[in-house]
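Notebook open, model loaded. I wanted to look up how the chains meet and what sits around the DNA.

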2 protein chains.
Amino acid sequence: MAAKKKTWFAILGLLSWKPLSGYDIKKLVEIGLSHFWSESYGQLYPTLDQLVAEGLARKKPAQSGKRKRFIFTITAKGRREFQNWLSQPTEPPQLRSEFQLKFFLSSRRPLAECLRLLQEYREQQQELYELYTTSDAILSQALDEDTLPEEMRGVLDDGSREQVLIFLLTLRHGVRSCEARLAWCDEAAQMLQDEVRRRASVA
Amino acid sequence: MAAKKKTWFAILGLLSWKPLSGYDIKKLVEIGLSHFWSESYGQLYPTLDQLVAEGLARKKPAQSGKRKRFIFTITAKGRREFQNWLSQPTEPPQLRSEFQLKFFLSSRRPLAECLRLLQEYREQQQELYELYTTSDAILSQALDEDTLPEEMRGVLDDGSREQVLIFLLTLRHGVRSCEARLAWCDEAAQMLQDEVRRRASVA
DNA sequence: TCAGACATGTAAGTCGTTACATGATTCA
DNA sequence: TGAATCATGTAACGACTTACATGTCTGA
């Protein structure tokens with residue numbers, strides 16, 4: 001139980017909300033956590049069995065519906081493990097950014113190359129930003145009106161305001177980060193172009 | 001040559017600056033790329049041999065110094081591969097943030113728990129921010145005065161302004177991101193506390 | 001002399017994705 | 001009837017870290 005196993009806790013956390021199948025969990029992650037988390041089936045199903053083996057969850061076939069389907073329920077032990085993980089210090093995200101790597105390594109290439117990289121990055125971020133702000137608007141409105149947006153039924157149940165609020169806040173983390181990156185792109189492009197001009201004037 | 005192998009290109013990129021040993025590369029990554037990249041020896045040395053096997057680099061024992069030491073030099077083919085990688089579309093960083101995972105999953109826990117997570121995160125970011133701004137100041141000054149800061153001799157050679165500029169800009173990406181995250185923490189804490197108050201007033 | 005930096009490497013294990021394999025059910 | 005979705009799983013691979021193993025050289 002020592003190491004990382006973040007997948008374990010991602011799953012336990014979702015199970016702490018309500019019993020779910022592997023498939024449910026996959027969907028939930030895609031809808032709710034997609035901008036900062038992902039899980040593949042290849043990871044999910046084996047991990048679920050491990051959780052059961054460790055006594056952190058229970059597996060039982062679903063009686064409703066005719067499909068082969070297994071519902072996982074968190075155990076008291078699982079809940080304790082999850083809460084313990086929550087209270088444990090969080091390791092800061094160590095991102096590996098291919099863009100930044102390229103940008104840094106391009107410092108001996110023509111400045112046009114750096115600028116092209118910058119522009120490509122900016123376009124990606126802009127697209128992301130629009131995605132985020134759309135969802136942000138929907139969630140903000142929902143919070144205002146104290147309702148649940150349709151897209152979220154099944155993901156967030158009952159009229160829990162906190163859930164909507166936290167959802168909105170995690171999203172807004174993405175929004176703010178995106179904004180910062182966009183601003184940085186403009187600042188960086190500006191400085192690179194200033195440098196081009198400076199070089200021209202010195203020569 | 002199809003897939004990811006970003007380590008390959010990180011190394012090739014550094015070798016495109018000048019011939020280096022595995023140890024040199026490790027140091028260079030730690031000093032120059034540490035806030036968005038890392039390489040471990042377990043990755044580095046085998047990859048260097050792979051590069052040689054693919055004809056992208058050449059390995060030769062160093063004649064200077066008495067220590068066992070191998071210098072790697074990029075080949076023309078290696079250079080082509082590197083430049084090709086640079087021009088290839090960059091995949092957007094998919095971060096997996098343990099903090100965001102915790103924060104999201106804590107939405108059914110007492111609000112105090114969410115606030116604690118937030119505060120811990122803020123402290124981490126604050127620390128990072130101070131680290132970044134210190135380096136930023138040094139690099140900004142160096143750029144102003146057209147000199148190389150001592151810490152960078154060996155990392156960046158000759159008086160290449162572009163190198164210092166790009167170095168500063170990659171760093172500033174971190175600075176801007178940090179600022180955004182700090183601002184987000186404050187915004188989020190504010191909104192959570194408003195919610196606590198709102199709940200009190202409704203009850 | 002001995003700590004700390006220099007220097008290279010391997011083995012084992014963790015973490016995660018992709019692609020594949022299989023099959024039921026629903027609905028247009 | 002056939003495409004989409006529901007649903008579970010495995011095998012193979014790739015990326016990366018950690019810990020270990022080994023030894024040299026420099027300078028206080």
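**Chain A against chain B**

I counted contacts (heavy atoms within 4.5 Å) and got 71 residues of chain A touching 71 residues of chain B. This is a predicted model, where local features need pLDDT of at least 70 and side-chain atom pairs count only at pLDDT 80 or more, while totals for chains, interfaces and linings use all residues. Residues are numbered from 1 along each chain as written, chains are lettered from A in the order written, and side-chain values use heavy atoms, with hydrogens and water left out.

Next I checked buried area, the accessible area (1.4 Å probe) lost on putting two parts together, summed over both. It comes to about 7700 Å², with 60% from carbon and sulfur atoms. A:Arg96, A:Phe104 and A:Arg108 give 11% of what chain A buries against chain B, more than any other three residues.

Then I looked for salt bridges (a Lys or Arg side-chain nitrogen within 4 Å of an Asp or Glu carboxyl oxygen). The rule finds 13 across this interface. One of them joins B:Arg198 to A:Asp146 at 3.4 Å, N to O.

**Around DNA strand D**

Which residues are closest to DNA strand D? Taking near as a heavy atom within 4 Å, I found 22 residues around the strand, the closest being A:Tyr23, A:Tyr45, A:Arg96, B:Lys5 and B:Ser40. Of the strand's atoms within 4 Å of the protein, 71% are sugar or phosphate and the rest belong to bases.

I also noted some distances. A polar side-chain atom of A:Tyr45 is 2.8 Å from a phosphate oxygen of the strand, and one of A:Arg67 is 3.4 Å from a base oxygen.

Methods:
A polar contact is a pair of N or O atoms within 3.5 Å; within protein, one must be able to donate a hydrogen and the other to accept it, and residues adjacent in sequence count only if both atoms are side-chain atoms.
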